[in-house]
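Student: Could we take a close look at a single part of this model? I'd like to follow one helix, meet its partners, and then see where they lead.

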Amino acid sequence: MPNPSPGYSITVRVTAPVGAGTTSTLAGAVASVKGAMTALDVVESHPDHMVIDVTCDASDVEHAEQIASAIADVPGVVVGKVSDRTFLLHLGGKLEVVPKVPLKHRDDLSRAYTPGVARVCTAIAENPEDVRRLTIKRNTVAVVTDGSAVLGLGNIGAAASIPVMEGKAALFKQFADVDAWPVCLDTQDTDAIVEIVRALAPVYGGINLEDISAPRCFEIEARLRDMLDIPVFHDDQHGTAIVVLAALTNALRVVEKSLDTVKIVVSGVGAAGHAIIRLLVAQGATNIVACGRNGILSPDDTSDSFRSWIANNTNPEARSGSLRDAVVGADVFIGVSAPDILTGSDIETMAERSVVFALANPVPEVDPVAAGRHAAVVATGRSDFPNQINNVLAFPGVFRGLLDAHAVEITDDMLIAAARAISDSVSPSELNPTYIVPSVFDAAVAPAVAAAVRSVAGAGGEHDV
């Protein structure tokens with residue numbers, strides 16, 4: 001059973017008899033089914049009974065139900081409401097719009113709205129460049145999705161994707177003070193998506209594409225970049241690539257190996273895999289083997305130009321075979337694919353002091369504990385293991401820098417600079433096998449990333465991604 005997680009936290013309201021042992025009995029019931037009790041609050045007290053909220057973490061929905069049942073089985077206890085705290089957090093959504101200016105009297109209204117606002121509109125019509133200075137465009141990003149590849153849930157559609165995009169927008173604000181808004185489109189037609197985003201772009205300073213399935217995501221990004229004068233960033237590609245490069249830079253420092261000589265296996269040749277390989281190649285990696293569902297990728301089994309690019313820029317030794325064959329003797333494994341496709345025994349066949357990034361979420365490509373018996377450094381996308389590789393380390397700061405620089409494009413040089421800023425946020429005295437990336441709550445990371453991107457954007461980056 002996976003470890004209990006706050007993502008499956010519940011609060012069980014119970015009525016229980018008064019007694020010195022009541023609370024300890026309730027705690028014992030939770031522990032008996034391996035729940036993790038995080039709070040026990042008496043909300044009402046009466047002469048003969050108490051009303052108590054028991055809050056605990058579970059490992060999944062079924063485990064949460066087991067915990068509630070175990071509490072209900074305690075003699076004298078009556079279970080009332082069982083609240084899923086994740087759903088409670090989402091009630092009414094996670095975002096709101098708050099005015100930045102006071103609207104307390106007629107003077108305020110006459111400047112913020114009519115008649116004064118007409119003068120500002122006229123100024124923008126006469127000088128379109130003023131739109132960045134006089135509107136929210138200077139600090140606003142559209143988080144655009146069609147709901148076709150949401151998390152590990154697949155094609156769940158636009159409406160079901162809204163909670164994820166709200167969360168993304170909240171992270172933009174929390175970590176970089178960027179105002180972002182979910183734009184969830186009820187179409188998966190490539191031409192329609194491109195036209196809709198083109199039409200709504202005037203109000204935004206940047207476009208963050210999110211959870212759009214491959215290979216359509218590549219075409220959508222490329223076409224929007226060609227037609228818009230604001231940066232277009234596909235976080236599933238470039239955000240992931242930035243953080244992987246940052247983490248790998250530090251992991252290789254730990255194991256004392258060099259990017260230009262290590263053998264790297266990448267499992268997954270979709271959006272994330274493609275971007276990771278591109279950025280690693282741009283940074284000097286020379287020996288990458290890419291694996292898809294059918295094993296090691298070769299030019300003979302490509303189905304589009306993006307897979308062709310991968311095939312033509314990887315596998316220098318012309319190897320063939322399965323993923324398990326590929327990892328034999330490899331220094332680095334990077335997984336952005338599917339759960340449980342490798343075992344600890346497979347990791348044992350890798351080179352000495354190997355590095356394993358098993359990033360499939362929520363279930364990694366290989367069990368992190370099993371991998372850790374053989375690899376020197378192990379990272380996942382999960383928050384309950386060390387070395388969490390999370391895009392939130394990258395995208396807030398990247399957009400902060402792009403917006404501040406009034407950038408119109410994104411380049412490989414910017415992505416590499418962002419990765420370097422993240423890796424350098426871990427000092428040499430902090431670096432060790434279980435700490436290769438900073439905490440997502442490290443307040444210094446986003447400003448450092450923003451400064452790095454701003455510096456490159458101001459200097460004029462090269463090599464468009």
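**A close look at helix H16 and where it leads**

Tutor: Let's begin with Asp-404, which counts as partly exposed because its relative accessibility is 37%. Keep in mind as we go that this is a predicted model. Asp-404 has a partner, Arg-400, and the two form a salt bridge in which the closest N and O atoms are 3.0 Å apart. There is a simple idea behind such a pair: side chains of opposite charge can pair when their charged atoms come close. Both residues belong to helix H16, and because they are 4 residues apart there, about one helical turn separates them. Their surroundings can be read from their accessibility. Arg-400 has 16% relative accessibility, so this residue counts as buried, since buried means under 20%. Asp-404, at 37%, is therefore partly exposed.

Let's stay in H16 for one more residue. Phe-399 is also found in this helix. Its relative accessible area is 0%, so Phe-399 is buried. Now look for Pro-231: in sequence, Phe-399 and Pro-231 are 168 residues apart, but their C-alpha atoms are 8.7 Å apart in space. Find both on the sequence, then find both in the 3D view.

Next, let's see how H16 packs. Two packed helices are described by the angle between their axes and the distance between the axes. Here the partner is helix H7, residues 158–176, which packs with H16, residues 395–404, at an angle of about 70°, the axes being 9 Å apart. The two helices are therefore roughly perpendicular to each other. The handedness of this crossing is right-handed.

For contrast, try another pair of helices. The axes of helix H11 (residues 271–283) and helix H12 (residues 305–312) come within 11 Å and cross at roughly 40°. H11 is therefore oblique to H12. This crossing is left-handed, while the one between H7 and H16 is right-handed.

Back to H7, where we can pick up a charged residue. Which residue does Lys-168 meet in a salt bridge? The partner is Glu-210, with an N to O distance of 3.1 Å between the side chains. This pair links distant parts of the chain, 42 residues apart: Lys-168 sits in helix H7, and Glu-210 in the loop between S7 and H9. Glu-210 and Lys-168 are both buried.

For a salt bridge within one helix, turn to H8, residues 190–200. Glu-195 and Arg-198 are 3 residues apart in that helix, so about one helical turn lies between them. Their side chains meet in a salt bridge at 2.7 Å, N to O. Glu-195 is partly exposed because its relative accessible area is 42%, and Arg-198 is partly exposed too, with 37%. In total, the structure holds 19 salt bridges.

The loop that holds Glu-210 deserves a longer visit. Asp-211 is found in this loop between S7 and H9. Its phi is positive, about 55°, although Asp-211 is not a glycine. Is Asp-211 buried or exposed? Asp-211 is buried, because its relative accessible area is 5%. Further along, Pro-215 is found in the loop between strand S7 (206–209) and helix H9 (216–227). A cis peptide bond joins Ala-214 and Pro-215, with omega about 5°.

You can look for similar features elsewhere. A cis peptide bond also joins Thr-114 and Pro-115, where omega is about 10°. Pro-115 has its place in the loop between H4 and helix H5 (116–126). As for positive phi, Lys-34 has a value near 65° and is a residue other than glycine. Lys-34 lies in the loop between helix H1 (22–32) and strand S2 (36–45). With a relative accessible area of 64%, Lys-34 is exposed, whereas Asp-211 is buried.

To retrace our path: Asp-404 and Arg-400 form a salt bridge, H16 packs with H7 at about 70°, and Lys-168 of H7 meets Glu-210 in a salt bridge. Try following those steps in the 3D view yourself!

Notes: Residues numbered from 1 in each chain as written. Predicted model: local features only at pLDDT ≥ 70, side-chain atom pairs only at ≥ 80, totals over all residues. Heavy atoms only, no water. Axes fitted to C-alpha atoms, helices over the stretch in contact; angles between N-to-C directions. Parallel < 35°, antiparallel > 145°, perpendicular 65-115°, else oblique. Left-handed = near helix turned anticlockwise from the far one by under 90°. Buried < 20%, exposed > 50% of the residue type's maximum accessible area, 1.4 Å probe, protein only. Salt bridge = Lys/Arg side-chain N within 4 Å of Asp/Glu carboxyl O.
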